[in-house]
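Got the model open in your viewer? Take this as a walk through it, one selection at a time.

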Amino acid sequence: MTDQSALPARRSWLRVQLWPKSLAGRTALVLLTSMMLAQAAGLAIHALDRQDLLILAQQRDAAVQAISLYRVVFLSIQGQAAATLAGAEMSEGVSAQLERDPPVTEFQFSSAPIERQFRADMLLVPMPQAQRPSEIAILGGPQKEAFVVGFHMPDGAWLNMTISMPTPRPWQSGNFLAAFLLMTMVAAGGSMWAVRRMIRPVGTLAAAADALGRDVNAPALSEGGPTELAAAAVAFNTMALRIRRFVQDRTFMLTAIGHDLRTPITRLKLRAEFVDDDDLRARMLSDLDELQAMVSATLAVGRDITADEPATRVDLVALLRTLLDELSDTFPDRAEHLSYSGPDTLPIHARPLALKRAIVNLVQNALNYGGVARVRLAHGDGGMVNLAVDDDGPGIPEERLDDVFQAFLRLEASRNRETGGTGLGLTIARNILRAHGGDVMLENRPGGGLRAVVSLPI
Ligand SMILES: Nc1ncnc2c1ncn2[C@@H]1O[C@H](COP(=O)(O)OP(=O)(O)OP(=O)(O)O)[C@@H](O)[C@H]1O
Ligand SMILES: [Mg+2]
């Protein structure tokens, strides 16, 4: 029994091999195949034409040979015909004998046009009319690969000859193969070059889309080139402009609300001071503090998004060291709980202030909720760097690992200054890192504690 399961795998392997994945590969393959087919057809037509000409030439050759031989025998001394024939020079594939009867072969075929042509070809050899044979029998032909010709001699005998005529093989010519290969190579080179040139803008468009994903303010695409590509570039630039406006409008709205809320909150705080009930006043003031903190954080998010900080070459290691030093200065009692391990230098392309803000949020979370912050840096796959921030805290329940990235979501009920703030830290961090073309994820470490994993393009 054959192994049926091997069949589909084999088929898909074949498809992968024969049908390239890239657009350039596919276009080049289709172009090349059709060009080779067209060339093969052209060369075949040419070869068949050439074969017809070769057959005509062979036939003329055979007619001239036949009548020449006849003339030699005709002009021989009386009674010496047989000896003359025996001594006559004959080319390869020609045999002749003197017989009593006209030639008979198993193939009595000879078509009228061929016979007419053969007789006309025999007139090419100059000879007085009186010497020409009185009767000629022509049998065979190119299809039979031989002519059988009989000349009636004046003495009544027949000079019968067979001239073999192998069909010429047009494909055997060395030039044919060389011409085919040369034409194919020239066509292949030309089409590869043209396809590459035409496909290049698709790559540019993909790169522009990728850049836009990382940075809404990425430079616009050039709108030159062929009409279709120019139209695609214009459409892409318009789309980028709309996205930019959309983001700006949303951010503007967010900051406007945040800004406008500040005055009523301050007013409410002043009024709350006049509440007589001490307990109620304290709770109202605490709620208002919380509200104020949220508004400030919202304004900060707006500032982050709208800030047009340019991306430059930054040494990520230097940035991490500065950030850890600053945190040690702010929390001297926790300085020994902050550590860094990894390379001594790692330049990347980034907006340094935004990136620092994102990482500070993660390190501060580790310090606040996990007691320590161990920062590790390493090269990752595919031109990315990996940054991990580990702590020894309680971690986060598995099902909530992604929820904490939502704005204003805190797992801890209190909003006291000691353990944190508004629940925007992770939202901001993820926003900034994604705008850099990277991301951040949280995972619980097997030995306890939380790990924030950051990936960033170099
Ligand atoms: N390392 C950690 N260990 C345990 N829980 C964490 C850790 N990091 C974050 N969390 C949980 O996720 C919640 C959201 O974190 P996030 O940083 O977004 O806000 P926050 O720290 O509460 O406030 P802030 O806006 O000041 O950062 C936190 O309230 C906390 O409950
Ligand atoms: Mg935080």
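**Stop one: a hairpin and its partner**

Select Arg374 to begin: its bridge partner in β9 is Asp390. Helices (H or I, at least four residues) and strands (E, at least two) are DSSP runs, numbered from the N terminus. A word on what you're looking at: this is a predicted model, where local features need pLDDT of at least 70 and side-chain atom pairs count only at pLDDT 80 or more, while totals for chains, interfaces and linings use all residues. Residues are numbered from 1 along each chain as its sequence is written, and chains are lettered from A and ligands numbered from 1 in the order in which they are written.

Now widen the selection to β8 (373-379) and β9 (384-390), which pair antiparallel over six bridges; strands pair if DSSP finds at least two bridges between them. Four residues sit between these two strands in their hairpin, and Gly382 there has a positive phi near 60°. Next, add β11 (450-457), which is joined to β9 by seven bridges and runs antiparallel to β9. Click on Met384 and you'll find Pro457 of β11 opposite.

**Stop two: around the ligand**

Which residues are closest to ligand 1? Pick Tyr369, Leu411, Gly421, Gly425 and Leu426; they're the closest of 23 residues that surround the ligand. To rebuild that shell, take residues whose C-beta atom, placed from the backbone, lies within 6 Å of the molecule. Colour α9 (352-370) and α10 (425-435), the elements that give two or more residues to the shell. The largest share, five residues, comes from α9. By type, the shell has nine nonpolar, eleven polar and three charged residues. In that split, Ala, Val, Leu, Ile, Met, Phe, Trp, Tyr, Cys and Pro count as nonpolar, Asp, Glu, Lys and Arg as charged, and the others, Gly among them, as polar.

**Stop three: the four-stranded sheet**

Jump back along the chain and show the open sheet with order β1-β4-β3-β2, paired antiparallel. Its edge strands are β1 (94-99) and β2 (136-141), each pairing on one side only. On average, neighbouring strands here are turned by 10° against each other, direction ignored.

Walk across the sheet from β1:

- β1 and β4 share six antiparallel bridges, and Val94 faces Ile163 in β4.
- β3 and β4 are antiparallel too, over seven bridges; Ile163 in β4 is also the bridge partner of Phe147.
- β2 and β3 (146-152) run antiparallel with six bridges, and Ile138 has Val149 of β3 as its bridge partner.

Before leaving, zoom in on the β3-β4 hairpin: it has five residues between the strands, with Gly156 at a positive phi near 95°.

**Stop four: the helix across the sheet, and Thr84**

Turn on α2 (23-74), which lies across β1, β3 and β4 (158-164) and runs at about 150° to β4. That angle is taken between N-to-C directions on a scale from 0 to 180 degrees, with axes fitted to C-alpha atoms, for helices over the stretch in contact.

Then select Thr84 in α3 (81-87). Is Thr84 buried or exposed? Partly exposed, because Thr84 has 16 C-beta neighbours inside 10 Å; 20 or more would make a residue buried and 12 or fewer exposed, with C-beta atoms placed from the backbone. Beyond its neighbours within four places in sequence, Thr84 is in contact with Val72, Val73 and Ser76, contact meaning C-beta atoms, placed from the backbone, within 7 Å.

Definitions and conventions: Two residues are in contact if their C-beta atoms, placed from the backbone, lie within 7 Å.
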